[in-house]
Amino acid sequence: MAKEFIKGNDAIVKAALLAGCQSFYGYPITPASEVAHAAAKYFPRVGRTFLQAESEIAAIQMVYGAAAAGQRSMTASSSPGISLKMEGISYLAGAELPCVIVDIMRGGPGLGNISPEQSDYNQVIKGGGHGNYRLIVLAPNGAQEMCDLTFKAFDLADKYRNPAMLLADGFVGQMMEPVAFPAPIEELPAKEWALRATAESKDNLVNSIYLDNDELEQRNYDLTAKHDEIEANEVMYEEYLTEDADMILVGYGIISRILRTVVDLARADGLKVGLVRPITLWPFPKKIFAELSGRINSFFVVEMSEGQMIDDVKLASGCSRPTHFYNRMGGNVPTVDEILAAVREKYTATAV
Amino acid sequence: MAKLILQKPKGFYDSFYRKPGDKENTHYCPGCGHGIIHKLIAEAIEDFGIGDRTIMVSPVGCSVFVYYYFNTGNIQVAHGRAPAVATGIKRANPNSIVISYQGDGDLAAIGGNNILQAANRGEHITVFFVNNAIYGMTGGQLAPTTLPGMKTSTTPYGRDIQNEGPPMKVVELLSSLDGPTYLERTAVMSNASIAKTRKAIRKALQCQIDGLGFSMVEMLSACNSGWKVDPKEQYKWMEEMMLPTFPLGVVKDVREEREGWFRETRTMTDEAIKQELDLTMPEPTIFPSELKKGSYHNPSIKLAGFGGQGILSAGAMLANAGMEQALETSWIPSYGPEMRGGTAYCFVNLSNKPIGSPTVTNPDVLMAFNRPSLEKFEAEVKPGGLLMYDSTIIDIEPTRKDIEVLPVPATQIAEDLGNTRMANTVMVGAYIAQTGIMAPAAIDQTLPLALKRKTMVDANKKALAAGVDYVMSR
């Protein structure tokens, strides 16, 4: 199929429809509204449901209902809206309902602003909602991945009966790039557990309440086993020029694109710098950091937040190497030059 | 053989197997109205023969365990959210009969907006709303329906309407909306009132079965433990305390005026889906081109000017065409504070390797369409880079000596063609001619996609050619 030149936000919607998504429940919020606009345009065209809910809270609960009924269903929002959806996300995880949630992150805390930030990392990776649950979180860094990882998110959600999130920012959402869209999927996975309004599915129950302590404990152990399985099987990351590197830059989303250029420029200056870019933020690519820490001098984490993912880098590497940090906040996207200057300052070659 | 004269309705499970302990009786307190209401619903489900396609939505509250009892599909949901969840279920499966069973704290307090909006949408669901003027499950707290002066665990001195406001009359509230089809308030306190409730429940369900829209029955119901009233006195209490505030009867019934309808489901072929998603790009033709200078290789380009000069679309035109020539391309508009102060700009990258940062501090190429852009961004251009500017509009000259400068009277050329708004396309033509990065035919090929107004395609082709000619004839 020929490529389309398309905005990341639009690519999500077309990819979702090709992936068989049957309903989109939205609520307006900048900078995620574009996703809802595209969904409102395209979902009805192919006979799927688009509904603007009365709130973020209602939107995620409509997704809960649709997912329980067996649909591939999704919603999209931005940081303050994601905070509101946390109740529903915990229930979805508790009832083991698959769905896809898109977060086009913006500046916070509070109303913050509408410019790109990466300060939702903690709320989406470390919980946000109550209880022991995990959200599968995929971080695209361009329009093609907005498409590919939307597909992936639906597949993983169904495979593990777990909500999955596409975590992007306004920068990736606004950027236009060529996208090769896959063909529409042939068949959706069967969902024996779903409420299909048939005699066969009548005994099905979608539920997250277990009053008996032991029963709920067992339930949690079962979820933990599932989380372990996801961690064992679904980690995704990208390495760039890491083999002989002394310093490893770490960043996700749009930052990883900027870091790629930083690596090229640093290399041109003779600095042995490489890049690790987590694609799944949960499950976090722990192993590669543990591995690299045995042969590099330092890590250098760049985030558009106060420093949230850096904790996971430190944990994964056992704090065994200096972990430098550079950040911008408030909607400022760091430039190649400012990062490069910071990298030069911290760079030291590994003694042989 | 003994004649069977009484049995559980088939709408219930024979044995409440999900319930811990006793599998025969409900978990409700003696005298509680929930049991009677459950039975009326279960009988209706059996009589209507809808058990297989019914989904019961269990709320939070005393009726959190509705799924212990009903021989239907079951789902338990978050506090107050039942109408939103029911919406998702019903939309997913228009053939299902979706019943939201809610108490007053759940429906009228925390879920107030959810019920209001579902009712207003005329959602094809049925809500059975149990009003007992108190929170039961959580320990007898104030509900929106708690009566004035009534003592609860959070109004130990009685509901003070100056503090908590007066009781909320839910069916009356919803009746002000055009959305709902059928709204009635009944009571569960005497044989006669139970018979009326039975009838109301059936009307409400029939309303959904017939595709007539949103139906709800508010049922006044006893909670002697929450009220701290002797069970023997509970119906008297209801009569004296509740009925004056919550009058019984049909509040809205427009079933006769409405036509039944059902959402249709549609299946489409792959081809039709791609068509509807505008994914019908033909395989592009690659037109040979030759770079005129090594420094024109893999450019990062900044286009800047006033909003309305077509800066963003000129960038997209270039990037879109580049993609069709098998280049890696990216386009990103200025974002955030830069948009203020007289300049709008975008970045375009054209490259034969993966593009890292879509924005750079020092672009290889600057196309300036107004004076503020030239003044602001001239210094940014990478040494050895290319600066192009609209010399019709910009009345100053660049001062840098370490870059290549190309004035293009783009607005004048566009005006000669009859439309100054095409200055952006002229500039694009001048750029590709100057650099040789792609053939004019490559831009022509994607113009229909890049332009919102398809009637402008031919005129823009001319503008592009004029930009090319300008450079070639210099």
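**Exercise 1. Describe the strand order and the pairing of the sheet in chain A, and find which strands stand at its edges.**

Solution. Step 1: in this predicted model, 7 strands of chain A make up an open sheet, and their order is S3-S2-S4-S5-S7-S6-S13. The pairing is mixed.

Step 2: look at the two ends of that order. Strand S3 (49–52) and strand S13 (280–282) of chain A each have a single partner strand, so one side of each is left without a neighbour in the sheet.

Step 3: add the twist, which averages 20° from one strand to the next.

**Exercise 2. State how strand S4 of chain A is joined to strand S5 of chain A, and which helix packs on the sheet there.**

Solution. Step 1: recall the general rule. Strands of a sheet pair through backbone hydrogen bonds, in either a parallel or an antiparallel manner.

Step 2: apply it to the pair. Strand S4 (residues 73–77) and strand S5 (residues 99–105) of chain A run parallel and are joined by 4 bridges. In one register position, A:Ala76 has A:Val102 of S5(A) as its bridge partner.

Step 3: place the helix. Helix H4 (residues 79–94) of chain A packs on the sheet and touches S4, S5 and strand S7 (163–169) of chain A. The direction of H4 makes about 160° with that of S5(A).

**Exercise 3. Characterise the contact between domain 1 and domain 2 of chain A.**

Solution. Step 1: fix the bounds. The domain assignment gives domain 1 (4–233) and domain 2 (238–346) in chain A. Their C-alpha centres lie 28 Å apart.

Step 2: count the residues and the area. In chain A, 32 residues of domain 1 are in contact with 25 residues of domain 2. About 2500 Å² is buried between the two domains of chain A, with 53% of it on carbon and sulfur atoms. Three residues, A:Gln118, A:Tyr121 and A:Asn141, supply 30% of the area that domain 1 of chain A buries against domain 2 of chain A, more than any other three residues.

Step 3: list the polar terms. Between domain 1 and domain 2 of chain A there are 4 salt bridges, and 18 residue pairs are in polar contact. A:Glu231 forms a salt bridge with A:Lys286, with the closest N and O atoms 3.3 Å apart.

Step 4: assign the domain 1 side to elements. Among those of chain A that each supply at least two residues to this side are helix H5 (121–125), helix H6 (143–160) and helix H8 (213–233).

**Exercise 4. Carry out the corresponding analysis for chain A against chain B.**

Solution. Step 1: the contact involves 68 residues of chain A and 67 residues of chain B.

Step 2: the area buried between chain A and chain B is about 5700 Å², and carbon and sulfur atoms give 61% of it. A:Phe5, A:Glu54 and A:Lys202 supply 12% of the area that chain A buries against chain B, more than any other three residues.

Step 3: the interface of chain A and chain B holds 4 salt bridges and 25 residue pairs in polar contact. In one salt bridge, B:Asp52 pairs with A:Lys202, the closest N and O atoms being 3.2 Å apart.

Step 4: helix H3 (residues 56–68) of chain A gives the largest share of the side of chain A that touches chain B, 8 residues.

Step 5: turn to the division of the partner chain. Chain B is divided into domain 1 (33–257) and domain 2 (294–472), whose C-alpha centres lie 63 Å apart.

**Exercise 5. Decide which parts of chain A are tied together by the salt bridge of A:Lys7 with A:Glu34.**

Solution. Step 1: the count over all chains comes to 37 salt bridges. In the pair of A:Lys7 and A:Glu34, the closest N and O atoms are 3.1 Å apart.

Step 2: A:Lys7 lies in strand S1 (residues 4–7) of chain A and A:Glu34 in helix H2 (residues 33–45) of chain A, so the pair ties together parts that are 27 residues apart in sequence.

**Exercise 6. Locate the backbone features at A:Pro31, A:Pro109 and A:Arg161.**

Solution. Step 1: the peptide bond from A:Thr30 to A:Pro31 is cis, with omega near 5°. A:Pro31 sits in the loop between strand S2 (23–26) and H2 of chain A.

Step 2: the peptide bond from A:Gly108 to A:Pro109 is cis, with omega near 0°. A:Pro109 belongs to the loop between S5 and H5 of chain A.

Step 3: A:Arg161, a residue other than glycine, has a positive phi, near 50°. A:Arg161 is in the loop between H6 and S7 of chain A.

Terms used:
Residues numbered from 1 in each chain as written. Chains lettered and ligands numbered in written order. Predicted model: local features only at pLDDT ≥ 70, side-chain atom pairs only at ≥ 80, totals over all residues. Heavy atoms only, no water. Pairing = 2+ DSSP bridges. Axes fitted to C-alpha atoms, helices over the stretch in contact; angles between N-to-C directions. Contact = heavy atoms within 4.5 Å. Domains from an automatic or database assignment. Buried area = accessible area lost by both parts, 1.4 Å probe. Salt bridge = Lys/Arg side-chain N within 4 Å of Asp/Glu carboxyl O. Polar contact = N/O pair within 3.5 Å; in protein donor to acceptor, adjacent residues only side chain to side chain.
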